[in-house]
Amino acid sequence: MIRVGIIGMGFMGGVHFRNWQALDDAQVVAVCDANPITAKKGNIETGSDELNLERVAIFTDVADMLASTELDAVSVALPTHLHKALSIQCLEAGVHVLCEKPMALSVEDCDAMIAAAHSAGKQLMIAQCIRFWPEYAWVKQAVGSGDYGQVLAADFSRLTYAPGWDADSWYSDPSKSGGIALDLHIHDLDFIQYLFGSPAGIRSSVVRFGNGVPGHVATQLDYQNNSAVSATASWMMPEPFGFGMSFRIVFEKAAVSFDGTSLKVCPSAGETFVAEVAEGDGYKAEIEYFAALLSGETNEIKITPEQARESVRMALETTSK
Ligand SMILES: NC(=O)c1ccc[n+]([C@@H]2O[C@H](COP(=O)([O-])OP(=O)(O)OC[C@H]3O[C@@H](n4cnc5c(N)ncnc54)[C@H](O)[C@@H]3O)[C@@H](O)[C@H]2O)c1
């Protein structure tokens with residue numbers, strides 16, 4: 001049985017809590033949130049409905065949780081500027097860490113996390129959930145198998161409205177969230193890296209809000225193989241738009257498109273069809289994978305801390321000029 005602690009019981013803490021609790025061979029035994037009300041019931045305001053915390057120890061301080069609970073692993077679902085310090089604290093306490101994306105706010109902070117994992121001899125996985133999202137996992141498999149030939153062009157997008165700009169939201173402060181590049185664009189940049197490796201170059205066009213903060217980023221990634229690979233992220237959509245993620249991929253022998261709901265495959269020979277993908281979402285799959293890694297049921301490498309660090313580097317480059 002993997003004994004799990006969740007640190008940060010806001011929106012993503014609730015997601016981690018439910019997905020760990022759904023596993024047969026894991027149990028959430030402790031949760032920690034600096035806000036005592038959130039610690040007790042999860043953050044209802046940001047989308048989590050009330051959680052069942054019976055038989056779960058509740059803390060408001062990570063050091064207290066680590067000192068008084070025997071844990072095998074933690075999920076770190078904290079505001080991004082806290083990922084580095086709290087992940088290192090847990091690794092040094094001898095606990096495996098599944099940390100939310102983005103890994104950290106700088107490449108140097110990522111390096112410090114990687115060094116801490118190495119010296120502790122513990123797993124550090126960054127929850128780049130799109131690698132595990134069923135439609136994206138289907139694409140990874142299709143690219144790897146070569147069934148439809150080489151990729152000629154791939155274009156990914158992730159569009160939504162600006163996250164809470166109210167003064168007390170950490171999302172609205174780029175020194176805490178990393179802004180659109182690290183918070184949103186990184187999902188597609190990381191998936192592109194998963195498919196094609198590190199690009200030889202990155203060129204981005206950035207549209208800024210009146211306060212100078214980037215709000216829309218359109219990036220072209222150079223793979224020097226005559227393919228066209230691009231990604232767009234926007235926080236400039238009107239609020240009624242909600243959220244949309246999508247992609248279009250042109251293979252030599254098929255075109256594939258995902259509109260956020262269904263994955264349509266149009267082979268050059270044969271009928272267009274909707275691909276069958278795994279059930280559930282990427283959060284479920286990533287936590288199942290991490291649990292399997294810890295219990296030795298898999299040694300397949302789906303993401304390394306070094307790859308997560310490279311995604312941070314790529315994201316930072318998109319808005320650096
Ligand atoms: N993978 C995804 O699709 C996805 C989606 C949303 C957010 N995220 C990431 O998840 C992380 C958390 O985002 P969120 O939306 O859940 O934020 P949130 O604000 O809803 O929750 C963060 C929680 O951390 C708590 N907290 C702050 N400082 C603390 C401390 N020192 N010790 C303990 N608790 C503390 C806060 O009280 C809050 O409840 C971010 O890094 C974000 O980028 C990932």
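Domain bounds here come from an automatic or database domain assignment. With that in hand, let's work through this predicted model.

**Exercise 1. Find which domains the protein has, and where the ligand lies relative to them.**

*Solution.*
Step 1. The assignment gives domain 1 (2–126) and domain 2 (130–318).
Step 2. Their C-alpha centres lie 24 Å apart. The contact between them takes 31 residues from domain 1 and 30 residues from domain 2.
Step 3. Now look at the shell around the ligand: domain 1 and domain 2 both give residues to it, so the ligand lies between the two domains.

**Exercise 2. Describe the shell around the ligand and pick out its polar contacts.**

*Solution.*
Step 1. Start with the count: there are 24 residues around the ligand, and Met12, Asp33, His83, Tyr171 and Tyr283 come nearest.
Step 2. Sort the shell by character, which gives 12 nonpolar, 8 polar and 4 charged residues.
Step 3. Place the shell on the fold: α1 (11–21) and α8 (179–196) each supply at least two of its residues.
Step 4. Look for N or O pairs within 3.5 Å. Tyrosine 171 has a polar side-chain atom 2.6 Å from an oxygen atom of the ligand, and histidine 83 has one 2.8 Å from an oxygen atom of the ligand. With alanine 34, a backbone N or O atom lies 3.0 Å from a ligand nitrogen atom.
Step 5. Finish with the cover: of the 860 Å² of accessible area that the ligand has on its own, the protein covers 84%.

**Exercise 3. Decide whether aspartate 190 is buried or exposed, and list its contacts.**

*Solution.*
Step 1. Locate aspartate 190 in helix α8.
Step 2. Buried means under 20% relative accessible area. Aspartate 190 has 1%, so it is buried.
Step 3. Set aside neighbours within four places in sequence; aspartate 190 is then in contact with Gln128, Arg131, Ile303, Gln307 and Ser311.

**Exercise 4. Inspect the backbone at arginine 55, asparagine 226 and proline 102.**

*Solution.*
Step 1. Arginine 55, in the loop between α2 (36–41) and β3 (57–59), has a positive phi near 65° without being a glycine. Exposed means over 50% relative accessible area; arginine 55 has 74%, so it is exposed.
Step 2. Asparagine 226 sits in the loop between β9 (214–222) and β10 (228–234). Its phi is also positive, about 70°, although asparagine 226 is not a glycine. With 80% relative accessibility, asparagine 226 counts as exposed.
Step 3. For proline 102, turn to the loop between β5 (96–100) and α5 (107–120). The peptide bond from lysine 101 to proline 102 is cis, with omega near -15°.

Key: Residues are numbered from 1 along each chain as its sequence is written. Side-chain values use heavy atoms; hydrogens and water are left out. A residue is near a molecule or strand if one of its heavy atoms lies within 4 Å of it. A polar contact is a pair of N or O atoms within 3.5 Å; within protein, one must be able to donate a hydrogen and the other to accept it, and residues adjacent in sequence count only if both atoms are side-chain atoms. Accessible areas come from the Shrake-Rupley method with a 1.4 Å probe; for residues, only the protein chains shown count as cover. Helices (H or I, at least four residues) and strands (E, at least two) are DSSP runs, numbered from the N terminus. Ala, Val, Leu, Ile, Met, Phe, Trp, Tyr, Cys and Pro count as nonpolar, Asp, Glu, Lys and Arg as charged, and the others, Gly among them, as polar. Buried means under 20% relative accessible area, exposed over 50%, partly exposed in between (1.4 Å probe, protein chains only). Contact means heavy atoms within 4.5 Å.
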